[in-house]
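This report deals with buried residues and aromatic ring pairs. The sequence and structure come first.

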Amino acid sequence: FSISTYNKMWTDAQKDLDIQLQREREEFLQPEKDRVKVFKLLATSYIKYMQIFRNLETAHDQLVHWQKRTMIRQVLDGVIGRILEMKKEMVELESSEFHYIDDILEDLKLLPEDVEVPIPRYFIKEKLEVLQQRQRILDQILLNAGLQTQEHVKAMTFEEAIKMIQVAERARQGRRRAAFMKQIYLEEKRERQTKLQVQMGPNPDDAATCIQKVWRGYIQRKKTEKMREEEMIFLGMSLPPPLKAMRISQVHAGQINALQGEVQERHEEIFIKDKLRETEGLDIKETLQDQISQCFIECRHIIGKFPDYPTEEAGGSMAILSQKTPEQVAAELAAKKEMALQKKVQKGKKEKEEGKEKMKGKKPQKTGKKEEEEGWKMAPSNFLSIMEEGNSQYKAVWQNRDEGWDFLQDHDPELIKEEKREEVEEEIRVQVDELMQQKLEDLKLAVDGERSDKQKKGRKSEKVRAAKSCSEKEVMSLVHRTIDSLYSELVEEGLLIKAKTVNLSDYVGEYSYLGTTLRQVDIEPMPSLADVRQLIALYGILPLGSQTVHEKAPLVKALLLAGPAGVGKKMLVHAICTETGANLFNLSASNIAGKYPGKNGLQMMLHMVLKVAKQLQPSVVWIGDTEKIFSKAAPKAEEEMNPKRLEKILPKFLKALKAQDRVLLVGTTNRPFDANLKPFCKVYQKIILIPRPDYASRFGKYFNQVLWKHIILQNGGAITNLLNVSCLAKVSDGFTQGHIVQAVQAVLSELRLLQMTRKPLRTAEFMTSLARQDPVYKEEEETFK
């Protein structure tokens, strides 16, 4: 039963998380001098958290119980953030973005696939309707602007059209004639058989035998089908008919649209809330009134007069109904008056103390250096508290909860009641505050003879409201354009483009198994495509997909993908957008040439991009051939393009991005060494080197992950024994994925695909096509290194 399986998966993940949090408390708080031991500790924790992440993500995606999913989501965000913090520590420790942990994987009896970063499916599922609507709007804008056609119709001359009609008509006439001749032949054959039967006479035995054959075959098929069904039920591989019908309904329920599920949850919450208001509302109201009245009487008995009713900003009656005695309340009121009188005196003292603290501020830095000399210590985390809270909530609510009664496993009404009871109490408390405030004024007037200051307060509030309305009018006067109009303009200008539907898993590549061995002999290995895929997920996809992770994790505003032409840099940019549902802005020098001229035009363009990107986040701002912006001198052929327009304003653009803005700047370049490195590296916080594929990636360990086979099958080819893929992988050393794709597409033409059945593909065909292209030479690869 699937629900129990995913419940167990969640339980196991929570147990592993509890053990990992215990390890964090014990091991990461102690300073450690041995850097090898520190890295092993970090890498082991990284792998453990990755396994927990994988299990939690699967349970979150598959469970129907929305309260459990909410609980898992909180812990899941914490685990993702902690993985990113671990990655940051590992990068600082090794001074490299790429890590080789195959020896640790071997010790833990795990495969490289176990450390592959899973992409949470809720990134897209939670906003599927919004993304689909945005896609429709984008297509409509492109269609109206003439930038996209509905159908690509090839133009045809009058003579070609006539020739095509003639060919089709002749073929039709030929088919009709063949069908007519066949019909004549069958009629003649039928007549000959009829004459023969009349002469010979009918045979009753033949007719009986024919009927018996048909009937016996039908009966035997029915018996065999019934026996097979009974055997499957006996083996437990199939369900009895009553349970099968129930199972079909459950599967159908599991495939309900996420939006409908949310609507149902909302209706259920509203129903329970209304029921609580009906059943417990009067009791809560009377209890609150009695408690507030008692507070009034006790305060007057101690102070000698009725207290002032707290404002809404101070919490209303919540401030009165604190867990304090009337004596403590009176003491607090007296202390507040004294503090108001001594405020000016204390302000001067505070300024002097702050000045002294600033003078002493240099001393802790020295102690910090001493601590670093003593040994490595883990930096403070923003996500441990989230995980601890989620873990404690799981233990308190879900660990020992009896769910035997809940067959559907979609929600728990008791938990909803606990949550909604607080909301009902708060709503009733606001109503009670209005009544009791009036009652307090009446008591003051009747008992103490005090008059209300309501009129004065009303005048002040009117002045505040007037001031606020004026400020709002000023703000509104500055906003002339709506987001929709800005969005449309950016699409029409070609700055906001349609991302191709490409998943990160489509970026095929193998894990490097020699990394640790090479580093032990002081040789820095080239990163593998699996390492690149992992970094794209960690720095690009995970922070953009989750608001909590983006705000609290180590902030990465800009990402540079550097590598030879054809290694899939643009594909990875599109994959980031596909996996997170992000908008894609193209600010490449070739794309913005001639658009929004002048300094003011450039500022306006970036302001528009920034505004739309923030409003419709997540967003990716892509700059292709980004080295041209930071080049020492632009070539004469590109002077008209003015590629250096963005050089000075790009740092300001990044500065405007805050932690809450899920906007990522991604640059791609195949000649990073042509740029002026100081401003170049200042803009791009993370630089990912994307190498040409190695032999493991070209041939592969698994049949379905071979680059050559993957591309051949993708283009309609078929793999046979006549095609030596291992030979192709060896010969294509130095060639990129782009070269391989071009070679395969050049061979697999329409005519060649039609000949596939009688003339299978051979190795020499692809080798000839590949030989026409220039590979990535060792000198260029060393320059990238």
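## Terms and source

A residue is called buried when its relative accessible area is under 20%, exposed when over 50% and partly exposed in between (1.4 Å probe, protein chains only). The model is predicted: local features need pLDDT of at least 70, side-chain atom pairs count only at pLDDT 80 or more, and totals for chains, interfaces and linings use all residues. Numbering starts from 1 along each chain as its sequence is written, and side-chain values use heavy atoms, leaving out hydrogens and water.

## The buried side of H31

Helix H31 spans residues 763-771 (helices are DSSP runs of H or I, at least four residues, numbered from the N terminus), and its buried residues are Thr 763, Phe 766, Ser 769 and Leu 770. Because these residues cover an arc of only 135 degrees around the axis, taken from the directions from the axis to the C-beta atoms, they lie on the same side of H31.

The buried residues of H31 pack against helix H27 (707-714), helix H28 (725-731) and helix H29 (737-747), with contact meaning heavy atoms within 4.5 Å.

## Aromatic pairs

Rings of Phe, Tyr and Trp (its six-membered ring) pair if their centres lie within 6.5 Å; planes under 30 degrees apart are stacked, over 60 edge-to-face, the rest tilted. The count is six aromatic pairs. Trp 215 and Tyr 218 form a tilted one, at 5.8 Å centre to centre and 35 degrees between the planes. Both sit in helix H8 (residues 204-235), three residues apart, so about one helical turn separates them. Trp 215 is exposed at 53% relative accessible area, and Tyr 218 is partly exposed at 40%.

The rings of Trp 708 and Phe 766 have centres 6.0 Å apart and planes at 70 degrees, so this pair is edge-to-face. The pair links Trp 708 in helix H27 with Phe 766 in helix H31, 58 residues apart. Trp 708 is buried at 0% relative accessibility, and Phe 766 is buried at 0%.

Methods: Helix = DSSP H or I, 4+ residues; strand = E, 2+ residues; numbered from the N terminus.
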